Each structure stands twice: as structure tokens, then as C-alpha cells.
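The following note sets out comments on the model, as numbered points. Please read them with the coordinates open.

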Amino acid sequence: MIDMMVPELGEYALILALCLSILLAVVPMVGASRGNELWMGFARPLSKGMFLFTLISFLCLSWSFLYNDFSVVYVASNSNSALPWYYRLSAVWGGHEGSLLLWALILAAWTLAVAIKSRNLPQDIIARVLAVMGWVSIGFYMFILFTSSPFERYLPGFPQEGADLNPLLQDFGLIVHPPMLYMGYVGFAVSFAFAIAALLSGRLDAAWARWSRPWTSVAWAFLTLGIALGSWWAYYELGWGGWWFWDPVENASLMPWLVGTALIHSLAVTEKRGVFKSWTVLLAIFAFSLSLLGTFLVRSGVLTSVHAFASDPERGLFILIMLAVVIGGSLLLYAIRAGQMRSESSFGLLSRESLLLVNNVLLVVSCAMVLLGTIYPLIVDALGLGKLSVGPPYFNALFVPLMAIMLIFMGIGVTSRWRQTEISQLVQQLWLPGVVAVVLGIAATWLYSGELQHWVTIGIVLAWWVVLSGVRDLYNRLRHRREKLAGLTKQSRSYYGMVLAHLGVAVLVVGVALVSIYSEQRDLRMQPGDSISFREYTFIYDGNRHVEGPNYTSDQGQIRVLRNGEAYTEMHPEKRLYTARGNVMTEAAIDPGFTRDLYVALGEPLEGGAWAVRVQYKPYVRWLWLGGLLMTFGGLLAASDPRYRKRRVATAAA
Amino acid sequence: MTPKRKQRLLVVMFIVVGVSVAVGLTLFALNQNINLFYSPTQIAAGEAPQDTRIRAGGMVVDGSVKRDPDSLFVRFDITDYDKTVTVEYTGILPDLFREGQGIVAQGSLNERGVLNAVEVLAKHDENYMPPEVAEALAKAGKMPMPEGQEFNK
């Protein structure tokens, strides 16, 4: 009997979580402003309770999916009994309502993590941080309960079979991409909460930067991973081998990433030198606001996009109001309190501080430019001036040069010193890496392609520049040590985190430059026996075979690949028909490699037994995601630095 | 001016110059790269410019899709149920492209009033209709019902 009520239990649990979040938002906050220890002490248990009930609610929805309870509207429209169990579970976040519940769960999990992991923070700070998390949670719980509950029922008559999960989403990439991305988005809520708590308490010393840093780095690492996974998924699943489309929803995740990247660098300056405080607070507010804006853009359906689920004006309005409250409220607080922030030290015009400021300005400018390109069509439309879209050339024309400038400063930044750096000293340090980077970059480009295409050359030179200036910095650190190897182990984890992340940038740049310029693609009509050659590879089409899957039927192309005339591999691209909805889906065949991917996708059947076939050669495409992974590990490594866990010792040493 | 103020002034000037250059470049790039959307009715009325990159959207007319037997060339008509525009495209059409489906084509009009498409977009959900198409149809009073409600759910 109890199993009939699981969706209702899920809804009750969510309502209880809302009640707890209201308590969490109010009680510790009042306690902190009155100095009431008892009230502040409620913050941790309330956070735990909020997480528990959100988890119960999420498990209830998962249960409904696992046991095919099609009386639940959301389950019926996103699942099917023929789906394998793991896709039934990942279908929980395959639609709007469920992905919001996942969002709420992750928010509660971050709140719980802050509650558990921050034993050594002053109690009034932790009470305020958790209370701010409570405020954010209230918004999301109300959003789910009032506009998009996943537990609504079809009563009395309900369908016997579900409408199936969108076939594009029946894939490993979808199982992992949204949770990782949300971990990043929601993680910035923690940085936001720390910034707001610092503003509220008026204790705007550098200490909050140290508390906030590991959380921000972890959030940034997850966001990086989420974006990389999304790009990888689009590459192999959408069937045309693109890895970044400047799609508004991709932009929605890129914007918080850019500001988040600025934030982790700015936090470093604030922690080490006690300057840029108000700027850092502002970045923390913007990073989270952009995460919310991303949610608004995706969920309100105002955009034409791959990700636009069924849209609803009411939901859009709700998020818009929430956005206005968060941005307006926090900026108001900022305006009142920012005047009290004082720099604790000064710095010269040429110093690590000012170079990091340049990095921040470049990142924020590129974010603003992405934002403009993304919302410009919305503004023009709202003003009734017509329908338009902004194409990738706009983004490429601005983003690529800005990033090139940033890479130049990246190399200078890592070798510069805090407080004051002399130009002569920088030149003395960097002339060798600079010359070697140019020589190696040109040589590598020439060896690879036999020509010097300007963007590729610039990209490779800059990648070498980033790597070599990092090597120079490492050499400086070890120069005065007698035992070089022992010196290597003495460097901190945050340092190695930075090295890994910067290396990731270099790897990413190489991948972007080569795959953008030297990809080869041919769309052609192929009859059994036809062949086509790319570089040393020859693709021979041997016709199609019929294949049956669990919930689809498929035409599977048989393609033999020869390398220099010898048998190399076989590739089997598919054209699938998902029977529940009658959806047709392209399943590309990929032969991955470290320096190149072979990519074959079937188009459509043509007359006379022929098929339209798309054959692609993608050089160094894996380096894109390898770079993303390196950045992710860099962020996590930096966050795991033991010094963040030793507050007393660290303050004493500083 | 004290050295500190001088330094601040320099920083502020650096930011102001940087931001204005960025804004200028941005607006320039934006103007070069916007693609305006036109409905078949607007194109038939001659409102759309020739030889400029535009977007056009509508429903693919039943029975209008003609393929060249020897290549990937394809020709089809799109309509807002008022006027019709012919689209020519060479390449692979998206999975959800079919007759009766709402699509958006990106390309330029030639002197015959035919859209030479470089890209054809059909979105990833069979109930989904590009908002531009839905609005163009609604304007022409030709929104298909009852599917129309499904599109907006």
C-alpha cells in the first residue's frame, strides 16, 4: 500500500525541506546579528535536515522511475518500460522538473558539505553562510513546488506506457553531464554565500577569502568538467562532429565559468595580499548571478536551443523575479557595505597583483561580450525590432583575440612577483622562454602541416609560451635549493594545482587551433563499394545491415577503413529508429586517437540503395577534453591544499 | 598629484580605454554577424535583402522535397500557409527534417527568390517548433491546431 504513495511522500518531503530552509534562512541569521549562540547553533542541524528531506524526495522520484509509475505525469512523459534501468534512473533529470529537483538536491548537498567541513570557522560566519544558502534554497524549493512539481499525477486514468526519454539523452554523457554542471553552477552559491556573509558581518578582512577559496576552486573544477563533458557529448551524440556551437545554452555555462575563473584568481590576490576585496566580492556575486541567469535562459524557453525543454511563461517569470531579487538585493548590500572595505597593502603598477587584474579584466570583458551576443537577440525581440540571431563568427572574432592576449599575460603573470616587479627583471626572466616558444611553435606548426596558417601558428606559439614560462617559474623556485628533486616535493598543492590547470589551458589551445583549422569533412553519396580517401586513410562503404536494439531498430553502416592500403579497422555508424516516439537518431562511429579521430555518420537513405554519408578527420580533437580534465584536476588539487584546513597556524604564519 | 593618485588614475584610464575598445569592437563584430529572420510572407513581399545571410523558417510543404539522384543536392519548399519559399541545399539534412516539420534554414536569397541554404536546422524534439516559426505562423493565423497547444506546453 505504501508504494502507491511514493510520489506523495516525495512531495511531502520536499515541502518539509522548504519549511526547514525557511527556518535555516531566518533563525541563524537573527542569531548571528544578536550574538545568540543557541540560535546560531541551529544552522548545522537545519542544514542536515534540509539535505535529508531533499534526498528522500529525490529518491522517491527515482523510485517512481525505476518501477515505471506512469501515473506520475513527469515519469510518463520522460520514461518507458523498455528503457534499461540506468537510463530510467538518469531520466530523472532528463526533463525540466526533475533536473530542478537534482539542482535542489545538489544545493542541499553543498549546504551540508559547508556545514560539516567548516568546523574551524567562527560560528557567526558559518551561521550567516548557511543562512544565505537557506535563502537560495527557499527560492528553488518554491520554484519546484509552485511551478514545476515532478510529482503531479494523471488521475484517474493514466497511460499504460511512457512516452520514452528523448533518444539523444539515452547516453552515458547525459548520465554524468548535468550533475557535474550543476555541481559547478550550484557550487558558486557557496562562494556567493561567503561573500554575502562577509558583507553582512562587516568583517571584510582577508580571512573570508581563505575560507571561500577551496569551495570556489571545487565549484570551478566541477563546472569545467561539466562543460567539457557537454562538449564531448555534443561531439559524439549530435552526429556532426562539432564540439562547440556558441549555442546560447553553452554560452550560459561559459559565462559563469569565465567569471568564476576571474574569481579564483582574484581570491588568490585577496587572500595573499589583502587587496581587490570589493572586486572579489563583486565577482562572487556575478558568478552566482550568471549561474542563475543561465538557468533562466535555459528553463524559460526564451531561446532557440538544443536544450530548450517545454517552456512555460510562468516559470520564466518566476526565475526572472528570483534573479532580480538575488542580483538587486546583493548589489544593494554591496553598495551599502563596499565603502568599508580597505586594502591592507599597496602594489606597484607592474606586479603580480596588477597582472592578475589584467587577467580579470580580460576574462570579465570576454564574459560581457558573450553575454551581449547571447541576450542581444532577446533584447531586440523584446523591443519589437525583429527576429535575429547572432552567429558564431561574432563570438570567434572577439573571443579568440581576447584569449590570445590573455595567454600572453598568463606567461608574464606566473613569473612576476607580488608587490613590485621590475621590467628589466621580467625581460631577463622571459626572453629565453619567449624566443624558444616562438621557435618551437613555428617549427611544430611547420612540421605538422607544411605551412604557417596564422591562427594555428599563434595558438601553438602561445601554448609553448604558457608551458615554458611555467617551467621558468618552477626553475626559479628550485634555483636556490641544493636538492632539486626534494625541492619538487616541497612545493605546495595549490602550486601544482595551478601548474596543472595552466598546462590544461595550453593543451586546450593546441586542440582548438588544430581541430578548428585542419578538420576535414566530406558529405557524400555512397553506394556499396564506393570509397573515399583522407590523408593516409581510405573508407570503403560495404552497405548496411539491420540491427535490433532494446528499444530501437537500426540501420548499421558497414565501413572498412584502410590505412596506407592495409586493413586498419571497421566502423559501424548507425541510423536508429526509436520505436516509442518514432524518433530517428544518428549514432556516429568514432575511431578515437591521441592525435586524430576518424568520424563517420550516416545521413539519410537515397535512391538506388545509396546513403548520404559524412566522413570526418578530426586532428587533436581529444586534446580539448584532455585540457578540460587537466584543469579540473588542477582545481581539485589546489582545493585539497592542507593549509586551508589549518586556520590558526595559517593566520599565525601570515 | 600624489604618486598613489597618479597610479590610480593610470589604472582607471587603462580600464576606461580597454572597455571602450572592447565595446567598439564588440558592436562592430555584432553588426557584421547578425542574421535577421524572415517569414515566407515577408520574403515573398520582397522585404528580405538579396545576397545577405538571413534566416528563414516555416513548415516543409508535403511532397515538395526533391532530391538529385546523383548528389546530395535537395530542393524543398517552406511555407507559413500563406506564401511559400523554395530552399536549395547540398548536404546532409538533420534527423528531424521531414515533410510537415517546422525548420529554420540559414542562407542567402538569389535573384530568383530561392534561398541557397548553408545550414538547415530542425530541433531535437518532434513537438518542438522554432519560436520564430511559431510566431510567423501565428501572425499568418495559420498555427496548426491542436498541435499548436502542444508546442507551447
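1. Over all chains, the structure, which is a predicted model, holds 21 salt bridges. Side chains of opposite charge can pair when their charged atoms come close. Several of these pairs are discussed individually below, before the domain and chain interfaces are taken up.

2. Within helix α7 of chain A (residues 123–147), A:Arg128 and A:Asp124 are placed 4 residues apart, about one turn of the helix. Their side chains form a salt bridge in which the closest N and O atoms are 3.4 Å apart. Both partners, A:Arg128 and A:Asp124, are buried.

3. A second pair consists of A:Asp597 and A:Arg622, with the closest N and O atoms 2.6 Å apart in the salt bridge. A:Asp597 belongs to strand β10 (residues 596–605) of chain A and A:Arg622 to helix α19 (residues 622–639) of chain A, so this salt bridge ties together parts that are 25 residues apart in sequence. As for accessibility, A:Asp597 is buried because its relative accessible area is 0%, under the 20% limit. A:Arg622, by contrast, counts as partly exposed at 24% relative accessibility.

4. A third salt bridge joins A:Arg643 and A:Asp641, at 3.9 Å from N to O. Since a salt bridge here requires a distance within 4 Å, this pair falls inside the cut-off. A:Arg643 is partly exposed, with a relative accessible area of 22%, whereas A:Asp641 is buried at 4%. The pair also belongs to a network: salt bridges with shared partners join A:Arg210, A:Arg213, A:Glu271, A:Asp641 and A:Arg643.

5. Is A:Gln429 buried or exposed? A:Gln429 is buried, because its relative accessible area of 6% lies under 20%. This residue is located in helix α15 of chain A, which covers residues 423–449. Leaving aside residues up to four places away in sequence, A:Gln429 touches A:Thr415, A:Arg472 and A:Asn476.

6. Chain A is divided into three parts: domain 1 (1–168), domain 2 (422–518 + 623–641) and domain 3 (520–620). Taken over C-alpha atoms, the centres of domain 1 and domain 3 of chain A are separated by 43 Å. The two domains do touch, with 10 residues of domain 1 of chain A in contact with 6 residues of domain 3 of chain A.

7. How much area do domain 1 and domain 3 of chain A bury between them? The value is about 710 Å², with 58% of it on carbon and sulfur atoms. On the side of domain 1 of chain A, A:Ala82, A:Asp164 and A:Pro167 supply 60% of the area buried against domain 3 of chain A, more than any other three residues. By class, this side has 6 nonpolar, 3 polar and 1 charged residues. The rule finds 0 salt bridges across the interface of these two domains. The count of residue pairs in polar contact there, with both residues at pLDDT 80 or more, is likewise 0.

8. Chain B contains 4 helices and 7 strands. Read from the N terminus, its elements follow the order α-β-α-β-β-β-β-β-β-α-α. Of the 153 residues in chain B, 39% are buried. Among contacts in chain B between residues at least 6 apart in sequence, 52% join residues at least 24 apart.

9. The size of an interface is often given as the accessible area lost when the parts come together. For chain B and chain A, the buried area is about 3,600 Å², 60% of it on carbon and sulfur atoms. In this interface, 36 residues of chain B are in contact with 45 residues of chain A.

10. How many salt bridges does the rule find across the interface of chain B and chain A? There are 2; one of the salt bridges in the structure pairs A:Lys575 with B:Asp95, at 2.5 Å from N to O. Between chain B and chain A, 7 residue pairs are in polar contact, both residues being at pLDDT 80 or more. On the side of chain B that touches chain A, the elements giving two or more residues are α1 (3–32), β1 (34–38) and α3 (131–139) of chain B. The largest share, 10 residues, comes from α1(B). By class, the residues on this side of chain B divide into 17 nonpolar, 9 polar and 10 charged.

Conventions:
Residues numbered from 1 in each chain as written. Chains lettered and ligands numbered in written order. Predicted model: local features only at pLDDT ≥ 70, side-chain atom pairs only at ≥ 80, totals over all residues. Heavy atoms only, no water. Domains from an automatic or database assignment. Contact = heavy atoms within 4.5 Å. Buried area = accessible area lost by both parts, 1.4 Å probe. Polar contact = N/O pair within 3.5 Å; in protein donor to acceptor, adjacent residues only side chain to side chain. Nonpolar A, V, L, I, M, F, W, Y, C, P; charged D, E, K, R; others polar. Buried < 20%, exposed > 50% of the residue type's maximum accessible area, 1.4 Å probe, protein only.
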